[in-house]
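Me: Please take a close look at one part of this structure for me. Choose a part where the backbone deserves attention, then set it in the context of the chain.

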Amino acid sequence: EIEAVTGVQTCALPISRKIFKNTLIYPYSFYVYLPVQNGENFAKTLYQNEGITTLPALYLGRNRIGADCVRLALVYDTSLLEKPLEIIETYRENHA
């Protein structure tokens, strides 16, 4: 029943896990909290350089919780998510 409700997201989870090998991704999640050095800077420069929007996790909490993460939304079909997720991971590796 959960898979029927979250079909798009559950399809994106295996690809997300394959691309972000060392990142904890919960089952049936709509989001990936991706560790980076500075979430705000990462989100800004990723958008400027690659045109991909992410959300600094800092904006979702208090007391700078999440400052070192960006949140990725897994809300599109797998065929649309794979390439941008690969770009994000390559960008993260090159801008650590």
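Reply: A residue counts as exposed when its relative accessible area is over 50%, and as buried when that area is under 20%. Keep both cut-offs in mind. The model is a predicted one.

The part I choose is the loop between β2 and β3, where Arg64 sits. Arg64 has a relative accessibility of 57%, so this residue counts as exposed. Its backbone stands out too. Phi of Arg64 is positive, about 65°, and the residue is not a glycine. For background, most residues other than glycine have a negative phi.

Asn63 lies in the loop between β2 (55-56) and β3 as well. Phi of Asn63 is near 55°, again a positive value in a residue other than glycine. The relative accessible area of Asn63 is 75%, so Asn63 is exposed.

Now the setting. The chain has four helices and three strands. Their order from the N terminus is α-α-β-α-β-β-α. The chain has 96 residues, and 40% of them count as buried. Take contacts with a separation of 6 or more: 59% of them join residues 24 or more positions apart.

β3 (69-73), the strand at one end of the loop, contributes to the core. The largest nonpolar core holds 20 residues, and Phe20, Leu72, Leu85 and Ile88 touch the most other members. Two or more residues come from each of α2 (7-19), β1 (31-35), α3 (39-50), β3 (69-73) and α4 (78-94). In general terms, nonpolar side chains tend to be buried together in soluble globular proteins.

Leu85 shows how the core is joined up. Leaving out residues up to four places away in sequence, Leu85 touches Ile15, Ser16, Ile19, Phe20, Leu72 and Leu74.

Last, the packing of two helices that feed this core. α3 and α4 pack at an angle of about 120°, and their axes are 11 Å apart. Angles from 65 to 115 degrees count as roughly perpendicular and those over 145 as roughly antiparallel, so α3 and α4 are oblique to each other. Their crossing is right-handed. On the α3 side, the contact involves Phe42, Thr45, Leu46, Asn49 and Glu50, which meet Ile87, Ile88, Tyr91 and Arg92 of α4. By class, that contact comprises five nonpolar, two polar and two charged residues. Ile88 thus appears twice in this account: it is in the α3 and α4 contact, and it is among the core residues that touch the most other members.

Conventions. Residues numbered from 1 in each chain as written. Predicted model: local features only at pLDDT ≥ 70, side-chain atom pairs only at ≥ 80, totals over all residues. Heavy atoms only, no water. Core = buried A, V, L, I, M, F, W, Y, C linked by side-chain atoms within 4.5 Å. Buried < 20%, exposed > 50% of the residue type's maximum accessible area, 1.4 Å probe, protein only. Contact = heavy atoms within 4.5 Å. Axes fitted to C-alpha atoms, helices over the stretch in contact; angles between N-to-C directions. Parallel < 35°, antiparallel > 145°, perpendicular 65-115°, else oblique. Left-handed = near helix turned anticlockwise from the far one by under 90°. Nonpolar A, V, L, I, M, F, W, Y, C, P; charged D, E, K, R; others polar.
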